[in-house]
Amino acid sequence: MAISETTLIEAGIEVGLVPAELIQSLRLEAKRERLRLLEVITRACRFPETALYQAVANLRKIPFIQPAELVADVATVELLHKAARQQRPMLPIIGQNGENILVLSDPDDRISLERAERATGLRFELALSDPLALQTAINRLAAKTKGTLSPGSKTEDADPVELLNEIMKEVYLRQASDVHFEPFEDGMRIRLRVDGQMQEYPKALNKAEEEGLMNRVKVLASLDIAEHRMAQDGAMKYGILNWNIPEVDIRVATIPTRWGERGTMRILGEDTGLLSLEELGMPEKMLVEFRDAISRPHGIILVTGPTGSGKSTTLYGAIRELKIDQVNVLTVEDPVEQTIEGISQVQVSGKVSFAQALRSFLRHDPDVILVGEIRDQETVEIGLRSAMTGHLVLSTLHTNDSIGAISRLVDIGAERFLIGSTLAGVLAQRLTRKLCSHCRKKRLATAKELRLLGKTEGQELEICEPVGCSFCLGSGFKGRIGIFEAFWVTKELTRAISEGLSEGKIRELAAGMTTLWMDATEKVIRGDVCLSEVYHLRPEDT
């Protein structure tokens, strides 16, 4: 027994997930494409089906149990009558406060609740979960107990083509950036990276499904399906079957592990392809200064931060700000993550390195050069000399903050006088999860939080914290926002860098700059982010 499609749709409309005025047109679209109405609605509004179950739970005021929380109370399962377990999926778990909870996929399934209470002699609190996640947890329990406690029935192995298609639907609906296929002794776990955090795909795979799925991915990515003992890299385009949406570019990597081949798919540029600089979350004053810097005819501008902090997205946003029809823009990247019309983009390969591409670029009359990453001495020297000879160079670097980029360039092998005479500025950035605007809750800041935010003790300041709803799938967070720090090189700083002054002295000369912590606290006060999400950015002496 499961919740009816009508109940789910009505819940989605009531909480605001589904615009009521779209239902009629989506109903016609479903008939035309011969798809379920629920599938067309989730595709059009771009949320997974589990969000509707969360909406039902919220409206009924009962707990919604996430897949990670579906850990069976084995002692209670043993008490359940076998017949009660086979008829309808149910799973008893222990709540955070020690209460007995019975997880169902239909809140109106009172028969299962009564049978469970009669069989065990316990009183249960009712909770709801997504049917696929619930059945996966039940199957996992059956595998651990070799079927002796199984409340579910064995299902046939999924077809690899259909299985990958279902996974890619979830990737699209959740707007995931990566898919991880992680093999274990008895099967495979699939996890999606959403807003920088890992989320488990509801369905776990057995060994037969694991092998079929990995072979399907390797075939599409032009990898050798007979090779299981070495790492392989490939790429593919994928379009979801029967869905009228554009194909996405995907980078694929596989590597052997103890229990089989692990695979990772990176979805390239799917949700950041059209982001403008304004949409990145950069402070207004910093945005004006950054635009001024990229409008200069020469110099080098660096964007720094760890892997996955959005550096490439910022540089692509900067490129889109340029008058591409009036300037010659060349890029060298590894890989090319977003395609921009009107510019020439070069992919690093075994025959073309960053340094080789840069040397060649100088013979192609460039105005602007984008280097995906500065990695070695040859690349940094050519990049700096290009900036000195009348070209604007944009690139990325891995450092903890903006001023640290100077020391990093010196470590790579750049001359200080070259850095001082060419460096226009450095932008450091991080990505952090945004609070869900539909469910975030305001509260008064504590005395400690006031001190952290630079406010006086006793001052009344409201900050926001996560709650969880159907819009954010219970996480309390929806989307990400950038935290920025900018270091713009003045004449005084040019002299200081060229003369080899210490990093500490340079920080003193740049005392008026906006730091990562300053930008983070501003976004906390504004209600965009949670303090705990940016706490690690605080200065050491705070």
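Gln175 follows helix α9 and has a positive phi, near 60°. This is a predicted model, and α9 is a good place to enter it. The helix runs over residues 160–174. Its 15 residues reach 21 Å from first C-alpha to last, close to the 21 Å expected at 1.5 Å a residue.

How many residues of α9 are buried? The count is 11 of the 15, so the helix is largely enclosed by the rest of the structure. Among the buried residues are Leu163, Leu164, Ile167, Met168, Val171 and Leu173. Polar and charged names appear too, including Asn165, Lys169, Glu170 and Arg174. In soluble globular proteins, nonpolar side chains tend to be buried together.

That leads to the largest nonpolar core, which has 61 residues. Ile167 and Met168 are among those with the most contacts inside it, as are Phe181, Ile190, Leu213, Ile250 and Met265. Helix α9 gives this core its largest share, seven residues.

Take Phe181 next. Leaving out residues up to four places away in sequence, Phe181 touches Ile167, Ile190, Leu213 and Met265, among others. Its partners also include Arg189, Glu261, Arg262 and Gly263.

A second, separate core has 37 residues, including Leu330, Val348, Ala357 and Leu423.

Now turn to strand β11, residues 329–333, where Thr331 sits. Is Thr331 buried or exposed? Thr331 is buried, because its relative accessible area is 1%, under the 20% cut-off. Its side chain makes a polar contact of 2.6 Å with that of Glu333. Beyond four places in sequence, Thr331 is in contact with Ile343, Ser344, Gln345, Val346, Phe361 and Leu370.

Note on methods. Residues are numbered from 1 along each chain as its sequence is written. This is a predicted model: local features need pLDDT of at least 70, side-chain atom pairs count only at pLDDT 80 or more; totals for chains, interfaces and linings use all residues. Side-chain values use heavy atoms; hydrogens and water are left out. Helices (H or I, at least four residues) and strands (E, at least two) are DSSP runs, numbered from the N terminus. Buried means under 20% relative accessible area, exposed over 50%, partly exposed in between (1.4 Å probe, protein chains only). A polar contact is a pair of N or O atoms within 3.5 Å; within protein, one must be able to donate a hydrogen and the other to accept it, and residues adjacent in sequence count only if both atoms are side-chain atoms. Contact means heavy atoms within 4.5 Å. The expected span of a helix is 1.5 Å times one less than its number of residues. A nonpolar core is a set of buried Ala, Val, Leu, Ile, Met, Phe, Trp, Tyr and Cys residues joined through side-chain atoms within 4.5 Å.
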